[in-house]
Structures are given as structure tokens and as C-alpha cells.
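Colleague: Hi! Could you pull up the model so we can go through it together?
Modeller: Sure, here it comes.

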Amino acid sequence: MELILILVAAIILFIIIPNVRIVPQATQFVIEFLGKYKCTWDAGIHVKIPLLEKISKKITLKEQVMDSPPQPVITKDNVTMQIDTVVFFRIFDAKLYTYGVVNPIRALENLTATTLRNIVGEMELDGTLTSRDIINTKMAEILDEATDQWGMKVTRVELKNIIPPSEIQNAMEKQMKAERDRRETLLQAEGHKAAAITRAEGDKQAMILAAEGERDARIARAEGEAKAIYLSKKAEADGLIALREAAADSAVLELKKYEALVNMSNGTAAKLIIPTDAVNAVTNNAIFTETTGLGDNTKSAPKPKKAPKKDECCE
């Protein structure tokens, strides 16, 4: 009995335990039975049959990156340049990846190089330098379709570097420098143009404002003069109304006429035509003044002084 237990323990220790396998997460094991594909183990614990089953390949399901070395590529306009690519892929079928092609990574590198040459060969230099997105998209579509039978899924392709010949680089640098100089000259010309337009607009606005100011000043002066004339005439009218309300006699009215004539005669080269009634009024006023003494401003002659009387006592 003890011998049987020892035998069972030996079988467990030396046969069963070494054939227990734990498959990690995101990993698959390809199992062969007597050299023929049997199954694929997913993540977890598994036990293989000793001597009959064999783990053919351990495959990771994580996304992988393949950095291809620079490849010489000739464009449509016969320019040779060096281009290196980066391919992102993952394995979705462990069986196809194991038995689909010998050395799948090497096969993918060669396929990437030939696809790149085919696509760039149909484009000119300028198009190659400015159309990276187009090249990336086309390569990803072609590689993904071609690697389906290998159990691989190409998720993304990027052009890492595009290195044209040195003479092309020098020509491109000169072209860029000339373009920058042209843009600088254009910007300076636009700046001078904008400054000239701004100055002209400023002068125009200044002239408009000056003209508007002069116009407003003239209008103000004209309004002031008109108001002064209006007030003067109104004062005269008010004076005449006051005289009429005060029942002034004809002599006062005649005096007002004389004042008006005097004001009119103050001007240079003024000629006065005095009507007959005005002369008669003056005569009447003069007779009235001499008779009554009213309005006569002529001073009377001083009376002679009497001689002082002699004092007989003192003589």
C-alpha cells in the first residue's frame, strides 16, 4: 500500500505538475498533438498530455510596433529619397500567425517596403513631402488586407522620416528663403500702404473737422448778429410803443426825428435831404425857445460889479 502511494506521489511530482501551464493575460499558446495542430490555449491554467502534446508557439495579443529601416524610394520625377516607416499591428489569430507564413515579421517588413515604393513611385517630390496622410492611409489599407491571411491586423502606418538628396535639400532651403524674403517684402509694402492710407484718412478727417468748425463758427456769428439786430430793432420798437403809450406831444416826436437825422449824418459822405416840414418844425422850436427861454442853454452875460465905497474915516 505504501508503495502505491509513493508511486502516485512520484507521478504527481514528476509527470503532472511539470505539465501544468498558466497562460498569462493577452497571450495565447498554440498546442500540437503528435506534431499536428490541436488547439489554442487562452489565458488561464491548462494541463498538457506529457510526451504527446507540445506548446508550438507562445503569441502575445498586444499591439506591436515594427520600425522599418530607411528604404530608397524613387519618385515619379526621378528623385531618389530615403524613407523609413513605423507600422503598428496586432495578432488576432494565433493559428494563422503560426502556420500562415514563415517569419511573419520579416514578411511584413518586405511587404511594407514594396508597398511604399509602389505608392511613392506614382507621386512627385512635392506631392510626397506634402501628402503624408494620403500615403499613410493607402499603406494601412493595403497592408491590412494583405496580412489578414497571416492572422495580423495592421492598425496604423506612419512615415517616420523623408530624407531627400542633399542637392534637393539645398534647393528647397533656397526656395524657402526666397519665399520668406518675398513674404517679408510683401508685408512691408502692405504696412507702408496701410500707413499711407491711415495718414490720408487722418488728413481728410482733420480737414472735414476744420471745415465743420469754420461752418459752425460762421453760423454762430451770423446767429449772434441776427439776434443783435433783432434786439436792437425790438428795443426801438419798444421805445416807440412807450412813447405812444406816454402820449408824447409833437415836439418830442420831432426831437426823435432830429436824433435819427444826426445818427444818419455820422456816416462818411452822408447826404441829408431835410423835408420842408422838418425845417418848419425847427423854426417853430427856435421861436418857442427864444420866447419862453425853455431849452435855451446859452449863458447870460455876467452883470458888472459895483465899485466899493470909500471909507472917509480911513482917508
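Colleague: Which residue forms a salt bridge with Asp-144?
Modeller: That would be Lys-153, with the closest N and O atoms 2.9 Å apart. Keep in mind that this is a predicted model.

Colleague: Is Asp-144 buried or exposed?
Modeller: Asp-144 is buried, at a relative accessible area of 16%, where the cut-off for buried is under 20%. Lys-153 is partly exposed, with 29% relative accessibility.

Colleague: How many salt bridges does the count come to?
Modeller: The count is 12. One of them joins the side chains of Lys-54 and Glu-32, at 3.9 Å from N to O. Lys-54 sits in strand E5 and Glu-32 in strand E2, so this pair ties together parts that are 22 residues apart in sequence.

Colleague: And how accessible are Lys-54 and Glu-32?
Modeller: Lys-54 is partly exposed at 49% relative accessibility, while Glu-32 is buried at 10%.

Colleague: What does Asp-181 pair with?
Modeller: Asp-181 forms a salt bridge with Lys-177, with 3.3 Å between the closest N and O atoms. Both lie in helix H6 (residues 166-245), 4 residues apart, which means about one helical turn separates them. Glu-179, Arg-182 and Arg-183 are joined into one network by salt bridges that share partners.

Colleague: Switching topic, how many aromatic pairs turn up?
Modeller: The search of the whole structure gives 1. In that pair, Tyr-37 and Tyr-99 meet edge-to-face, at 5.9 Å centre to centre and with 75 degrees between the planes. Tyr-37 belongs to strand E3 and Tyr-99 to helix H2, so the pair links parts 62 residues apart in sequence.

Colleague: What about the accessibility of Tyr-37 and Tyr-99?
Modeller: Tyr-37 is partly exposed at 27%, and Tyr-99 is partly exposed at 40%.

Colleague: Now helix H1: how many of its residues are buried?
Modeller: The number is 0 out of 15, so H1 lies largely in the open. Leu-7, for example, is in H1 and is exposed at 53% relative accessible area.

Colleague: Which part gives the largest share of the nonpolar patch?
Modeller: H1 does, with 9 residues. The patch has about 1,000 Å² of accessible area together, and its members include Ile-4, Leu-7, Phe-14 and Val-47.

Colleague: Last one: what does the whole chain look like in numbers?
Modeller: The protein chain has 8 helices and 9 strands, and buried residues make up 20% of its 315 residues. Its accessible surface is about 23,700 Å², with 59% of that belonging to carbon and sulfur atoms.

How values were computed
Residues are numbered from 1 along each chain as its sequence is written. This is a predicted model: local features need pLDDT of at least 70, side-chain atom pairs count only at pLDDT 80 or more; totals for chains, interfaces and linings use all residues. Side-chain values use heavy atoms; hydrogens and water are left out. Buried means under 20% relative accessible area, exposed over 50%, partly exposed in between (1.4 Å probe, protein chains only). Helices (H or I, at least four residues) and strands (E, at least two) are DSSP runs, numbered from the N terminus. Patches are made of residues with over 30% relative accessible area and no salt bridge: like charges are joined within 9 Å, nonpolar side chains (Val, Leu, Ile, Met, Phe, Trp, Tyr) within 5 Å. Accessible areas come from the Shrake-Rupley method with a 1.4 Å probe; for residues, only the protein chains shown count as cover. A salt bridge is a side-chain nitrogen of Lys or Arg within 4 Å of a carboxyl oxygen of Asp or Glu. Rings of Phe, Tyr and Trp (its six-membered ring) pair if their centres lie within 6.5 Å; planes under 30 degrees apart count as stacked, over 60 as edge-to-face and the rest as tilted.
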